[in-house]
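User: Hi! I have a protein model open on my screen and would like to walk through it with you. Could you help me read it?

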Amino acid sequence: MIAIGFEGSANKLGIGIIEHNTESGVVNILANIRHTHVTPPGTGFLPRDTAVHHREHIIPVVKEALKTSNVQIKDIDVICYTKGPGMGAPLVSVAVVARTLALLWNKPIVGVNHCIGHIEMGREITKADNPVVLYVSGGNTQVIAYSEHRYRIFGETLDIAVGNCLDRFARILNLSNDPSPGYNIEQHAKKGKKFIELPYTVKGMDVSFSGILSNIETIKNEQSCSPEDLCFSLQETVFAMLVEITERAMAHIGSKEVLIVGGVGCNLRLQEMMAQMVEQRDGKVFATDERFCIDNGIMIAHAGLLAYRTGFITPLERSTCTQRFRTDEVYVAWRDAN
């Protein structure tokens, strides 16, 4: 069975084509094409401008994905798109194309939860069995574990996501958005020597990042700190918070595996800190590279095809988008109960 996936919940436009061999269980990635809306240093990406970017590039990206995969339209079994969560205008711009192609090609359509896409792609690539999942991106920060056909949220951010914290900090320092603010913060942090104490806000299983952002902006304006030291201090603080709540979840459910997904999961320092904690618990960390950590269409195709194989389709009149779509709202029919 073959699915094409459409992702456009933020500034990454992704089209992926995947094949599931239903007899052998083998999954083949046939195409994973992405185009990013990059804004000037010191600025973020606005929903309206991002939607314009997606509309301008989506047809060429679809054509490139079909060419790369060497798949004919008649071979595609289902069209999958990101239903949410995400930014409204970009989500809609991509969903309209997915819906139109479903009508033109006479294909069923499946709306996919963005987070479920990250988790299932991470599980497929790493072969992690039943891990505690740390989902960290520009719009989401959650600690998740699976139970009884749901991905249960054990802890999350109380305000802004960790990726949003990093993005906004990059704007304060006027760092480049190419290839991403988080990547450029990571490179600056490698040169940092001095640790500056920042607010460390963990409340039970939840975290808060907005106070750190306010505090570090004040420090930048009032103290003579190098950008490298600020990047180093910010990373060490926010990643330590994430490691702490992940360890609590591991202890609670008795898991020895951690899977890191989402765009911030590409950060090697986060992976290193998590590995140090997990090794002390005789466990193992699983993570993917930027092909799958960063938003992509292949994860939407994969999660959508998993759902489609259980008999799930999204009726055309319900093929809408929602900016708020929690991970635990999705019934995970393709996994065993425990």
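User: Where is Cys225 found?

Analyst: Happy to help, and please keep in mind that this is a predicted model. Leaving aside neighbours within four places in sequence, Cys225 is in contact with Ile196, Ile219 and Leu230. As for its place in the chain, Cys225 sits in the loop between helix 6 (210–222) and helix 7.

User: Does Cys225 count as buried or exposed?

Analyst: The cut-off for buried is under 20% relative accessible area. Cys225 comes in at 18%, so the residue counts as buried.

User: How far apart are the C-alpha atoms of Cys225 and Leu242?

Analyst: Along the chain, these two residues are 17 residues apart. In space, their C-alpha atoms are separated by 25 Å.

User: Why is there no bond between the sulfurs of Cys266 and Cys293?

Analyst: A disulfide needs two cysteine sulfur atoms within 2.5 Å. The cysteine sulfur closest to that of Cys266 belongs to Cys293, and the gap is too far for a bond. The structure holds 0 disulfides. The separation between the sulfurs of Cys266 and Cys293 is 3.8 Å.

User: And which cysteine has the sulfur nearest to that of Cys80?

Analyst: Cys80 is in no disulfide. Its relative accessibility is 0%, so Cys80 counts as buried. At a distance of 14 Å, the nearest cysteine sulfur is that of Cys321.

User: Let's turn to the sheet. In what order do the 5 strands of the open sheet run?

Analyst: The pairing in this sheet is mixed. Strand 3 (27–36) and strand 5 (109–113) each have a single partner strand, so one side of each is left without a neighbour and they stand at the edges. From one strand to the next, the twist averages 20°. Reading across, the order is 3-2-1-4-5.

User: Which residue in strand 3 is the bridge partner of Glu19?

Analyst: Strand 2 and strand 3 run antiparallel and are joined by 9 bridges. They form a hairpin with 6 residues between them, and Gly25 in the turn has a positive phi of about 85°. Opposite Glu19, the bridge partner in strand 3 is Asn28.

User: At the other end, which residue in strand 5 stands opposite Thr82?

Analyst: Strand 4 (residues 78–84) pairs with strand 5 in the parallel sense, over 5 bridges. Facing Thr82 in strand 5 is Val112.

User: At about what angle does helix 3 run to strand 5?

Analyst: Helix 3 (residues 114–126) lies across strand 1 (2–7), strand 3, strand 4 and strand 5. Helix 10 (residues 297–308) also packs on the sheet, and its direction makes about 45° with that of strand 2 (12–20). For helix 3 and strand 5, the angle is about 85°.

User: I see a UniProt "binding site" feature that includes Tyr135. With which side chain does the side chain of Tyr135 make a polar contact?

Analyst: That feature comes from an unreviewed UniProt entry, which also places it at Asp167, Gly182 and Glu186, among others. Tyr135 is in strand 6 (residues 132–136), and at 0% relative accessibility it counts as buried. Not counting residues up to four places away in sequence, Tyr135 touches residues including His114, Cys115 and Val261. The polar contact, at 3.1 Å, is with the side chain of Asn140.

User: Which residues does Asp167 touch, not counting those up to four places away in sequence?

Analyst: Asp167 lies in helix 4 (residues 162–172). Its relative accessibility is 19%, so Asp167 counts as buried. Under that sequence limit, Asp167 touches Pro181 and Gly182.

User: Which helices are included in what covers the buried residues of helix 5?

Analyst: The buried residues of helix 5 (residues 181–189) are Pro181, Asn184, Ile185, Glu186 and Ala189. Their cover includes helix 4, helix 7 (227–253) and helix 8 (268–280).

User: One last residue: which backbone oxygen lies 3.0 Å from a polar atom of the His149 side chain?

Analyst: His149 lies in the loop between strand 7 (141–147) and strand 8 (150–156). With a relative accessible area of 17%, His149 is buried. Its contacts beyond four places in sequence include Val330, Tyr331 and Asp336. The backbone oxygen in question is that of Arg335.

Note on methods. Residues numbered from 1 in each chain as written. Predicted model: local features only at pLDDT ≥ 70, side-chain atom pairs only at ≥ 80, totals over all residues. Heavy atoms only, no water. UniProt positions renumbered as here; feature names shortened; annotations may be inferred. Helix = DSSP H or I, 4+ residues; strand = E, 2+ residues; numbered from the N terminus. Buried < 20%, exposed > 50% of the residue type's maximum accessible area, 1.4 Å probe, protein only. Contact = heavy atoms within 4.5 Å. Polar contact = N/O pair within 3.5 Å; in protein donor to acceptor, adjacent residues only side chain to side chain. Pairing = 2+ DSSP bridges. Axes fitted to C-alpha atoms, helices over the stretch in contact; angles between N-to-C directions.
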